[in-house]
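Colleague: I've got a model open and I'm not sure how to read it. Can you walk me through a few features?

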Amino acid sequence: MTRLSGITPSGHVHLGNYLGAVRRWAREDADGDLYFVSDLHAMTTPYRPELLRALTREQLAVLIATGVPADRVFVQSDLTPELTSLTWVLQCVTTYGEAARMTQFKEKSTGASVRLGLLTYPTLMAADILLPGATEVPVGDDQAQHVELARTLARRFNGTYGEVFVMPKAIMPPVAARVADLSDPSRKMAKSARDSIGVLHVLDEPDLLSRKVKRAVTDNHARVEYRPAEQPAVANLLEILAACTGDGPRDAAAGLDGYAALKDAVAEAVIEELRPVRSRTLELLDDPAELDKIRAAGAVRARERGAHRLASALRLAGLG
Ligand code: TYM
């Protein structure tokens, strides 16, 4: 079994990324797992090159600071030739309809100048998954559809040209698969949120985390109970609390008398959860040579893992 997953440096890492993905990667314990910063994916919407470079380093540091072993991480663009070769092959077994049907594409492709990369990005994600032969892909539920596409493409390529890809499957976290924005429980917490008061960032200072939690919307039921359909904002806070303390969300509600107490408990739990991650990340960012070393070694390992599969896919496709 090989697990693989990625995070896109299109913004600072937030609590949804952390609870739904990165912390789980740190807890999985299998040799050969691979986790990466998908900087190529961050180019699908307008971005600033210098900021992309800085965020890529920051995310790599957050992964390691969270406890993802340094010998399992890499940066996607260090494998640009391999991944873009395979992406082309996969694009040629993907229909336009399949790409255009992706929910994320539909959500983000509003406005005048939609980048073609936004449409084709799930084929790059399929290449990320299929190149190293990942069998399990731990993601939050917003990425499940993309993993499904990777399965479809693997099956189609194998059936048309010959067996080369192994079948991946998405695995979801039991809690925190979809952490919502604190200012609007109908929206997932996202890096792109314009109003970031509802987004808790892993590197936010404790004071700021506390202020954001205190401003979270609740409701007028005035009852701390876990009822996701009737009280989505309170349920979101309880899920965050539960994910930090290790309880279930119903148990987390016990003994909390009122929304002020709930917010105090959430703020404290989040601050304590993120404190060591924040300080270790800042240390790593202070030591660029160490981070460069980890990055270079990661690229070599990831490249080795995929080399024979890429060669076989190109050959079966009639190239070379
Ligand atoms: P990205 O950067 O949007 O998100 C990284 C991970 O965080 C999860 N996530 C959430 N989980 C819970 N609640 C939320 N509010 C929340 N927001 C995000 C995502 O599900 C994801 O697991 N395309 C991917 C990165 C990627 C990738 C891959 C993943 C590139 N190649 C190959 C798996 C396999 C992305 O942009 O994730």
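Modeller: Sure, let's start with burial. A residue counts as buried if 20 or more other C-beta atoms lie within 10 Å of its own. Keep in mind that this is a predicted model.

Colleague: Which residues of α12 are buried?

Modeller: In α12 they are Ile-294, Gly-298, Ala-302, Arg-305, Gly-306, Leu-310 and Ala-313. These buried residues pack against β2 (34-37), α2 (49-66), β3 (73-75) and α3 (80-91).

Colleague: How many Å should helix α12 span?

Modeller: The expected span is 1.5 Å times one less than the number of residues. Helix α12 covers residues 288-316, which is 29 residues, so it should span 42 Å; its end C-alpha atoms are 41 Å apart, which agrees.

Colleague: Where does α12 bend?

Modeller: Look at Gly-306: α12 bends there by about 40 degrees. Gly-306 is also one of the buried residues of the helix. After α12 comes Gly-318, with a positive phi near 95 degrees.

Colleague: Now the ligand. Which residues are closest to it?

Modeller: The closest are Gly-6, Gly-16, Gly-20, Ala-21 and Gly-140, out of 25 residues that surround the ligand. The elements giving two or more residues to that shell are β1 (4-7), α1 (15-27) and α6 (116-130). By class, the shell has 11 nonpolar, 10 polar and 4 charged residues.

Colleague: And what is the mean pLDDT of the chain?

Modeller: Where pLDDT is low, you shouldn't read the predicted coordinates in detail. Here the chain's mean is 95, and 99% of its residues reach 70 or more. For the complex, the predictor gives an ipTM of 0.99 and a pTM of 0.95.

Methods: Residues are numbered from 1 along each chain as its sequence is written. This is a predicted model: local features need pLDDT of at least 70, side-chain atom pairs count only at pLDDT 80 or more; totals for chains, interfaces and linings use all residues. A residue is near a molecule or strand if its C-beta atom, placed from the backbone, lies within 6 Å of it. Helices (H or I, at least four residues) and strands (E, at least two) are DSSP runs, numbered from the N terminus. Ala, Val, Leu, Ile, Met, Phe, Trp, Tyr, Cys and Pro count as nonpolar, Asp, Glu, Lys and Arg as charged, and the others, Gly among them, as polar. The bend at a residue is the angle between axes fitted to the seven residues ending there and the seven starting there. A residue is buried if 20 or more other C-beta atoms lie within 10 Å of its own, exposed if 12 or fewer, and partly exposed in between; C-beta atoms are placed from the backbone. Two residues are in contact if their C-beta atoms, placed from the backbone, lie within 7 Å. pLDDT is the predictor's confidence in each residue, from 0 to 100.
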